[in-house]
Amino acid sequence: MMQMFFYFSDKVVLLFDFWKTHTPAGMVLSVLVIMLLAVLYEFIKVGKAKVLQYTMPPSIASSISQETLREPERASINTGLEQLSSSPKNWFSWHVVQTLLHVVQVVLGYLVMLAVMSYNTWIFLGVIAGSAIGYYIAYPLLSPR
């Protein structure tokens, strides 16, 4: 019977029937793998944001050059939107990339959540540590261009 409360143990079955730990070394390895999954989840979140940042703002930002700012009556913000919509193939390819990143993020998120639902405290702490490490490393990469 599965326990429905947090417990400390080196014996746990994670995600799949073949992923069983019975030793402290196995638990350490499992915690490291789960930590890496949590770090990867944070990087994918940042990657999705970067792709979105890359697709939308450049088209708008490119329309607002110094020349445009000096002659506002000759240009408008809509030129950036027209640039984005003028290449549907480019937009479609970026949309496919965003969709694939979203699918990977959802799958990783559910795997990490299911690992936490093993109610093993070591695994839970690994997820927390991996998420913190991933956030600390990945989010500075999201700085504006």
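**Exercise 1. Is Asn120 buried or exposed?**

Solution. Asn120 has 0% relative accessibility, so Asn120 counts as buried. The cut-offs: buried is under 20% relative accessible area, exposed is over 50%, and partly exposed is in between (1.4 Å probe, protein chains only).

Before going on, note that this is a predicted model, in which local features need pLDDT of at least 70, side-chain atom pairs count only at pLDDT 80 or more, and totals for chains, interfaces and linings use all residues. Residues are numbered from 1 along each chain as its sequence is written, and side-chain values use heavy atoms, with hydrogens and water left out.

**Exercise 2. Place Asn120 and list what its side chain reaches.**

Solution. Step 1: locate the residue. Asn120 sits in the loop between helix 5 and helix 6 (121-138). Helices are DSSP runs of H or I with at least four residues, numbered from the N terminus.

Step 2: find the polar partners. The Asn120 side chain reaches the backbone nitrogen of Trp122 at 2.9 Å. That side chain also reaches the backbone oxygen of Ser9 at 3.0 Å.

Step 3: add the contacts (heavy atoms within 4.5 Å). Setting aside neighbours within four places in sequence, Asn120 touches Phe6, Tyr7, Ser9, Lys11, Val12 and Met27.

**Exercise 3. How do helix 1 and helix 5 pack?**

Solution. Step 1: take the geometry. Helix 1 (residues 24-55) and helix 5 (residues 88-116) pack at about 155°, and their axes are 9 Å apart. Axes are lines fitted to C-alpha atoms, for helices over the stretch in contact; angles run from 0 to 180 degrees between N-to-C directions.

Step 2: classify the angle. Helix 1 is therefore roughly antiparallel to helix 5. Under 35 degrees counts as roughly parallel, over 145 as roughly antiparallel, 65 to 115 as roughly perpendicular, and the rest as oblique.

Step 3: sort the contact residues. There are 16 nonpolar, six polar and two charged. Ala, Val, Leu, Ile, Met, Phe, Trp, Tyr, Cys and Pro count as nonpolar; Asp, Glu, Lys and Arg as charged; the others, Gly among them, as polar.

**Exercise 4. Which residues do Leu37 and Glu42 touch, leaving aside those up to four places away in sequence?**

Solution. Step 1: take Leu37, in helix 1. Leu37 is buried, because its relative accessibility is 19%. Leu37 touches Leu108 and Val112. The C-alpha atoms of Leu37 and Val127 are separated by 8.2 Å, though 90 residues apart along the chain.

Step 2: take Glu42, also in helix 1. Glu42 counts as buried, because its relative accessibility is 5%. Glu42 touches Ser131, Gly134, Tyr135, Ala138 and Tyr139.

How values were computed: Helix = DSSP H or I, 4+ residues; strand = E, 2+ residues; numbered from the N terminus. Polar contact = N/O pair within 3.5 Å; in protein donor to acceptor, adjacent residues only side chain to side chain.
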